[in-house]
Amino acid sequence: MILPPRPKPETGALDAPRIRVSGHIVDVSPQAFRVAGISPFVRLGDCVVTNGPEGEELGEVVRIEEKAATVKPFAVRFQSGVRNLAWRTGPVTLAPATSWKGRTVDAFGRPCDGLGPLEQGPRELIADTLPDAAMKRGRIREPVATSVRAIDIFTPIIKGQRLGIFAGSGVGKSTLMGMLARAKGFDTVVVALVGERGREVREFLEETMQNDLTRVVTVVATGDESPMMRRLAPKTAMSIAEYFRDLGESVLLIVDSVTRLAHAARDVALAAGEPPVARGYPPSVFSDLPRLLERAGPGPEGTGTITGIFAVLVDGDDHNEPIADAIRGTLDGHIVLDRTIAEQGRFPAIDVLKSISRLADLSWNPQERELVLRLRAMIARFEDTRDLRLLGGYQRGSDATLDQAVDLVPHLYASLVQNPTDAVTAEPFDELSKRLKQAMAPAGAAAAA
């Protein structure tokens, strides 16, 4: 097995001992194995190597006790046995380089696209590191056009913002994220596919991304890989994004999905002996997620930004389940995809009333802000009276505001429908105005006649 590179002291990594400290395996279970003799020399997050029948096997220390350390293996099937030697190697590190653009790597940063070895960069980064200090970070002020009309109008994105896409399964989440990945306002795009079906990886790269991978680095940990690999992949993607951010680039980071990361972290925490506290999730899951999400955003002054788009696969379409609820409060905004809208054939199936960007005022001018608020109010009035209108309780002329909503909102919905292959525009408000005028023109002509 190819091991991750050893950390260098100048990177801030925990220094590995000058001599190899080893112990021996005393217990093996389906979830983890225990190593005696190394507890005084390891820390949580350190890697431990042991020899198996097919070569070296790698695991991570997830619990330390006086007599033994509990290690969770990265392999799906751990094949080493009791009394085998095991030794510490330090935390997982990787050395990204600009030549990684266009490549697909695994959670360790090893190539998995069959295009040959990867160039190693000048410095090594720890995959699981701390966010930058709050007072050292720059401010974010620059809007970015995604070319997705519903987002650019109702929930605009600012470079360095962290936004969540909350959706159930099969509602168009991956397609929307592919549309966002093709936005032209970013220098580099880093995509982490966590827990995806194996067949969907090539579909995402070749169809959703339309093979436009010249500025894309993809990190893959499919659903059949171990929880440790699925837990590591977003951290690896974040480290790669931080490397390009430190070069002064504007980076778009897409993680699909944070929920599967939480599932993997739950498996690891339970193997370490943590008690479940909320729908089976141990406490460490709710502290690990903000630590990862906080690594996105603006970098220190003089560097670039990481704009984070994090998919949240809500279990059972329950948008208040623990993971969705915890992530929603950490991010700078959220986009909600609604199954009812998708069933009506309106894609992207964005519920504009439930979606919000906390930094939208940095993008809107006063006229645009007033227009969006009026459109939201009109949509709310239209949806609130849907049952009344279906029952025949609505009479035209009794409420001028409702009359306007009934005339305008269906055309607004049609204007927001967008396919990945549609032509894009840099002026979404102008295009919306033009589309609404064209749609309303026949109705005005008919009324005049």
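This is a short chat about reading salt bridges and burial in a predicted model.

Reader: Let's start with arginine 34. Where does it sit, and is it buried or exposed?

Author: Burial is judged from relative accessible area, with partly exposed lying between 20% and 50%. Arginine 34 comes out at 26%, so it counts as partly exposed. Its place is in strand β2, residues 33-36.

Reader: Which residues does arginine 34 touch, leaving aside those up to four places away in sequence?

Author: Among them are His24, Ile25, Val26 and Asp27, plus Glu65 and Ala68. With glutamate 65, the side chains make a polar contact of 2.6 Å. Also, the C-alpha atoms of arginine 34 and lysine 72 are 8.8 Å apart, though 38 residues separate the two along the chain.

Reader: Now salt bridges. How many are there by this rule?

Author: The rule asks for a Lys or Arg side-chain nitrogen within 4 Å of an Asp or Glu carboxyl oxygen. The count is 30. Take arginine 328 and aspartate 325, bridged at 3.2 Å, N to O. Both belong to helix α7, three residues apart, about one turn of the helix. Arginine 328 is buried, at 17%, while aspartate 325 is partly exposed, at 45%.

Reader: Which pair links distant parts of the chain?

Author: Look at aspartate 399 and arginine 381, whose side chains meet at 2.2 Å, N to O. Aspartate 399 is in the loop between α10 and α11, arginine 381 is in helix α9, and they're 18 residues apart. Arginine 381 is partly exposed, at 31%.

Reader: Which residues do salt bridges with shared partners join into one network?

Author: Arg123, Asp132, Arg245 and Asp246.

Technical notes: Residues numbered from 1 in each chain as written. Predicted model: local features only at pLDDT ≥ 70, side-chain atom pairs only at ≥ 80, totals over all residues. Heavy atoms only, no water. Helix = DSSP H or I, 4+ residues; strand = E, 2+ residues; numbered from the N terminus. Buried < 20%, exposed > 50% of the residue type's maximum accessible area, 1.4 Å probe, protein only. Contact = heavy atoms within 4.5 Å. Polar contact = N/O pair within 3.5 Å; in protein donor to acceptor, adjacent residues only side chain to side chain.
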